[in-house]
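Visitor: I have a model open and would like to go through it with you, strand by strand and then side chain by side chain. Could you start with the sheet?

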Amino acid sequence: IEFDERVFVKMYEEAGETGVVYVEVDGEEKPRPTLITFVSTHPVSGALLHVDLQQVDLTEEVTANVPVELVGISPAVEAGAVLLTLHDELEVTALPEDLPEKFEIMIDRLTEIGQDIKIADLTYDKEKVKISLEPDEALVVIQEPRVEEEPEVVEPVETITTVQGAGELVGEGGEGKQDGKAGGEGKGGEA
């Protein structure tokens with residue numbers, strides 16, 4: 001199937017990854033309900049390269065990943081705390097036409113360190129949409145900023161190691177000495 005890129009981009013902006021897209025196929029009377037499962041774009045130009053569509057039965061539940069969008073500004077973050085995002089999308093099961101476009105999380109109510117927003121805090125139709133995570137699972141959490149401790153600098157210690165009998169010593173005049181005797185000769189002997 002070929003698409004006009006401009007038409008597809010507009011449709012994708014409206015439907016997203018969870019909206020049902022009806023595709024008309026030449027020679028067929030009824031359009032086919034599909035979900036967009038993958039979009040590939042050129043890494044430099046951003047031009048559309050490839051799209052995967054999955055035909056769906058509107059009467060059977062499907063599983064899809066729904067994006068999580070953070071909305072607002074947290075007063076705790078403005079005061080220097082860190083907002084930790086634990087999930088940027090959620091796996092849900094629902095009928096294709098009941099899939100939410102996204103989950104919005106209002107973070108402006110996060111005012112103190114330790115506060116979080118859990119799955120149970122989300123607003124959605126719990127009768128039609130089932131999220132795969134437990135209700136007490138945190139989505140975002142406010143934490144203290146980490147302060148990196150300066151590593152302790154250890155001053156190097158200079159050491160001198162002396163090894164006895166570790167080779168030839170050179171005396172005055174450049175003569176070699178072994179065992180404290182000049183010339184390397186033994187007592188009274190010839191070389």
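**The sheet and its surroundings**

Guide: In this predicted model, strand S4 (residues 62-71) and strand S6 (residues 89-94) run antiparallel and are joined by six bridges.

Visitor: Which residue in S6 is the bridge partner of Asn65?

Guide: Asn65 has Glu91 as its bridge partner in S6.

Visitor: And how many bridges join S4 to S7?

Guide: S4 and strand S7 (residues 103-106) are joined by four bridges, and these two strands run parallel; Leu70 is the residue that stands opposite Ile105 of S7.

Visitor: OK, what order do the strands of that open sheet have?

Guide: The order is S7-S4-S6-S9, an open sheet of four strands with mixed pairing. S7 and strand S9 (130-131) each have a single partner strand and stand at the edges, so one side of each is left without a neighbour in the sheet. On the S9 side, two bridges join that strand to S6 in an antiparallel arrangement, and Val92 has Ile131 as its bridge partner there.

Visitor: Switching to the interior, which residues touch the most other members of the largest nonpolar core?

Guide: That core has 25 residues, and those touching the most other members are Leu90, Phe103, Ile105, Leu122 and Ile131. The elements giving two or more residues to the core are S4, S6, S7 and strand S10 (138-143), and S4 gives the most, with four residues.

Visitor: What does Leu122 touch, leaving out residues up to four places away in sequence?

Guide: With those left out, Leu122 touches Leu90, Phe103, Glu104, Ile105, Ile131 and Leu139. There is also a second, separate core of six residues, which includes Ala15, Val21, Ile36 and Val51.

Visitor: New topic, then: is Thr18 buried or exposed?

Guide: Thr18 is buried, with a relative accessible area of 2%, although its place is in the loop between helix H1 (5-15) and strand S1 (21-23). The side chain of Thr18 reaches the backbone oxygen of Pro100 at 2.8 Å, and, leaving aside residues up to four places away in sequence, Thr18 touches Leu35, Asn65, Val66, Pro96, Leu99, Pro100 and Glu101.

Visitor: How many aromatic pairs turn up in the whole structure?

Guide: A search of the whole structure finds two aromatic pairs. Phe8 and Tyr12 form a stacked pair, with 5.7 Å centre to centre and 10° between the planes. These two residues are four apart in helix H1, and therefore about one helical turn separates them. Phe8 is buried at a relative accessible area of 2%, whereas Tyr12 is partly exposed at 23%.

Visitor: And what about Phe103 and Tyr124?

Guide: Phe103 and Tyr124 form an edge-to-face pair, with 5.7 Å centre to centre and 85° between the planes. Phe103 lies in strand S7, while Tyr124 lies in the loop between strand S8 (116-118) and S9, so the pair ties together parts that are 21 residues apart in sequence. Phe103 itself counts as buried, at 2% relative accessibility.

Visitor: Before I close the window, what do the overall numbers for the protein come to?

Guide: The secondary structure comes to two helices and 13 strands, and of the 191 residues 23% count as buried. Among the contacts with a separation of 6 or more, 57% are accounted for by residues 24 or more positions apart. The accessible surface comes to about 14,500 Å², of which 47% belongs to carbon and sulfur atoms.

Technical notes:
Residues are numbered from 1 along each chain as its sequence is written. This is a predicted model: local features need pLDDT of at least 70, side-chain atom pairs count only at pLDDT 80 or more; totals for chains, interfaces and linings use all residues. Side-chain values use heavy atoms; hydrogens and water are left out. Two strands pair if DSSP finds at least two bridges between them. Buried means under 20% relative accessible area, exposed over 50%, partly exposed in between (1.4 Å probe, protein chains only). A polar contact is a pair of N or O atoms within 3.5 Å; within protein, one must be able to donate a hydrogen and the other to accept it, and residues adjacent in sequence count only if both atoms are side-chain atoms. Contact means heavy atoms within 4.5 Å. A nonpolar core is a set of buried Ala, Val, Leu, Ile, Met, Phe, Trp, Tyr and Cys residues joined through side-chain atoms within 4.5 Å. Accessible areas come from the Shrake-Rupley method with a 1.4 Å probe; for residues, only the protein chains shown count as cover. Rings of Phe, Tyr and Trp (its six-membered ring) pair if their centres lie within 6.5 Å; planes under 30 degrees apart count as stacked, over 60 as edge-to-face and the rest as tilted.
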